[in-house]
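Work through the exercises below with the sequence and the 3D structure open beside you. Try each task before you read its solution.

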Protein chains: 2
Amino acid sequence: MRDRSSKSASYSVDLVLMTAMGDKLAILLARNSSERERWSVPWRIPQSGEALDAAANRAAHDALGESPAWTEQIGAFGDGKRHPSEIDVSVAYLALVPHETATLRAGYTWFQVADLPALSPRQRAMVEGATQTIQSRLDQAPIAFRLLPATFTLSELQQMYELLLGKRLHKASFRRALQAAWLVEPTDEWRSEGRGRPAQLFRYLPKKRRRAHRGVRFDFLYP
Amino acid sequence: MRDRSSKSASYSVDLVLMTAMGDKLAILLARNSSERERWSVPWRIPQSGEALDAAANRAAHDALGESPAWTEQIGAFGDGKRHPSEIDVSVAYLALVPHETATLRAGYTWFQVADLPALSPRQRAMVEGATQTIQSRLDQAPIAFRLLPATFTLSELQQMYELLLGKRLHKASFRRALQAAWLVEPTDEWRSEGRGRPAQLFRYLPKKRRRAHRGVRFDFLYP
DNA sequence: GCGAATTAGTCACTTTCTGTGACTAAAGTC
DNA sequence: GACTTTAGTCACAGAAAGTGACTAATTCGC
């Protein structure tokens, strides 16, 4: 990548930037000229005094020309897995953009996560971690909304959840849950998508949520 | 701390080691001789080639003489907040031990998380992150069991959940959910705790879980 | 010894939530 | 105008959660 000024720096910031392309998740990769793998996740070495998320944001700006709709740290990766550079530890960030409005700079390409080229072991672990983070935080953070444009139909939102969860959802149940959670509000616009009845457009409704006052749910997955 | 060999190292591993003392959460702090704050979370600079979790485990061993019952990375902290040393970035680990069996080496003390002494800003952020991680992963990882001895009564388990969740639970609901999740198995031991009927002892039952096959739950908390 | 107090463990009832199929509505296609 | 397609809603059955009351086994006070 760029800023390889200090070859001895011991940590990097790596960016797993994801989007939804059609019905597949995709990840942004940068073409490498000098490293062993032909492609890699964008990464930067923080400049002196630069915060970690600032470095992640810089990597995103270099690729997109704008800030992602969502950015969140995944964790620090090291522990023996090889990185594109000789860096000991890499702090990975997950970032999301809606595919509709994203335009890529030269040297960057979207790859479907199901069909990635060879990546360094450490970066492959980061991609793995990023997809797990998405699934696990889907019900705590507005992940799905950050992958959609500002307004969307409820069918589009449902399809996004189906993509992220990897399973079909029942329309009536989905909408009932959505209503109960006060997550969206209708706009006065409608969209006619070729055939079929036009759909109303909605927008995400960030709001002070009253904490769910449920008891324990042992929906555990762990061994 | 110790191993201050390379003052120029740019990242550390910091350990937020927690336990349940009575009905309060407590955290392990190490007394400082030279740093600005009198107390700090134990931290280490990874030795060359040492993995991040190995460094966290080393910090735990130095304090306890044994490995924690649970260890998990929380994330990397930097972003301007001051650390005990001049280190740029610190990778924080959450670790758990049952209070009953933990014995501390000299220079280490438990503090209730509600009543901590002055800590460096970065370490305070880590403690904050650790408590959030505990709450958010309580239903995905055996957090409560790692804070209890190998065998325990169901009342003790319920009290642990009440402590971690910060709210009372109904006994019948708690046990019903526990049964449905196949999380514990009875031993043939009973414990008489002074007055009242003796309680059967249970142990944690790690097991291949069948994935919860539920739909979406918009139990969101986010703004 | 015996009743009160205390803690464990279970049951049964009510309320709430979820899964699901069927229904109506509004557009385009032929 | 009949048929197809997508949006949006309803209503019912079944499952799950909230809750109070009940039985069980022990210690304490007298």
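**Exercise 1: Salt bridges in chain B**

B:Arg191 has a relative accessible area of 24% and is therefore partly exposed, where buried means under 20% relative accessible area, exposed over 50%, and partly exposed in between (1.4 Å probe, protein chains only). Before going on, note that this is a predicted model, in which local features need pLDDT of at least 70 and side-chain atom pairs count only at pLDDT 80 or more, while totals for chains, interfaces and linings use all residues. Residues are numbered from 1 along each chain as its sequence is written, chains are lettered from A and ligands numbered from 1 in the order in which they are written, and side-chain values use heavy atoms, with hydrogens and water left out.

Task: With which residue does B:Glu156 form a salt bridge?

Solution. Start from the principle that side chains of opposite charge can pair when their charged atoms come close. The term salt bridge is used for a side-chain nitrogen of Lys or Arg within 4 Å of a carboxyl oxygen of Asp or Glu. B:Glu156 meets this condition with B:Arg191, and the closest N and O atoms are 2.4 Å apart. Next, locate the partners: B:Glu156 is in helix α4 of chain B and B:Arg191 in strand β9 of chain B, so that the pair links distant parts of the chain, 35 residues apart. Helices (H or I, at least four residues) and strands (E, at least two) are DSSP runs, numbered from the N terminus. Finally, check the accessibility of B:Glu156, which at 23% counts as partly exposed.

Task: Find the salt-bridge partner of B:Arg203.

Solution. The partner is B:Glu185, with 3.1 Å between the closest N and O atoms. This pair also links distant parts of the chain, since B:Arg203 lies in strand β10 (residues 199-204) of chain B and B:Glu185 in strand β9 of chain B, 18 residues apart. B:Arg203 has 35% relative accessibility and counts as partly exposed, and B:Glu185, at 27%, is partly exposed.

**Exercise 2: Salt bridges in chain A**

Task: Decide whether A:Glu162 is buried or exposed, and do the same for A:Arg168.

Solution. The side chains of these residues, A:Glu162 and A:Arg168, meet in a salt bridge of 3.4 Å, N to O. A:Glu162 has 13% relative accessibility and so counts as buried, whereas A:Arg168, at 69%, counts as exposed. Elsewhere in chain A, salt bridges link A:Glu156, A:Arg191 and A:Glu193 in a network. Over all chains, a search of the whole structure finds 14 salt bridges.

**Exercise 3: Aromatic pairs**

Task: How many aromatic pairs are found over all chains?

Solution. Rings of Phe, Tyr and Trp (its six-membered ring) pair if their centres lie within 6.5 Å, and planes under 30 degrees apart count as stacked, over 60 as edge-to-face and the rest as tilted. With this rule, a search of the whole structure finds eight aromatic pairs. One of them joins A:Phe145 and A:Tyr204, which are stacked at 4.5 Å centre to centre with 25 degrees between the planes. Because A:Phe145 lies in helix α3 (residues 143-146) of chain A and A:Tyr204 in strand β10 (residues 199-204) of chain A, the pair ties together parts that are 59 residues apart in sequence. Both A:Phe145 and A:Tyr204 are buried. A further pair, B:Trp39 with B:Phe111, is edge-to-face, at 5.0 Å centre to centre and 70 degrees between the planes. Its members, B:Trp39 in strand β3 (residues 39-40) of chain B and B:Phe111 in strand β7 (residues 108-112) of chain B, are 72 residues apart. B:Trp39 and B:Phe111 are both buried.

**Exercise 4: The sides of a helix**

Task: Which residues of helix α5 (residues 171-181) of chain B are buried?

Solution. The buried residues of α5(B) are B:Phe174, B:Ala177, B:Leu178 and B:Ala181. They cover an arc of only 100 degrees around the axis, so they lie on the same side of α5(B); the arc is that of the directions from the helix axis to the C-beta atoms. These buried residues pack against α4 (154-165) and β9 (184-191) of chain B, where contact means heavy atoms within 4.5 Å. The face turned away from the buried side of α5(B) carries the exposed residues B:Arg176, B:Gln179 and B:Ala180. Just after α5(B), B:Trp182 takes a positive phi of about 50 degrees.
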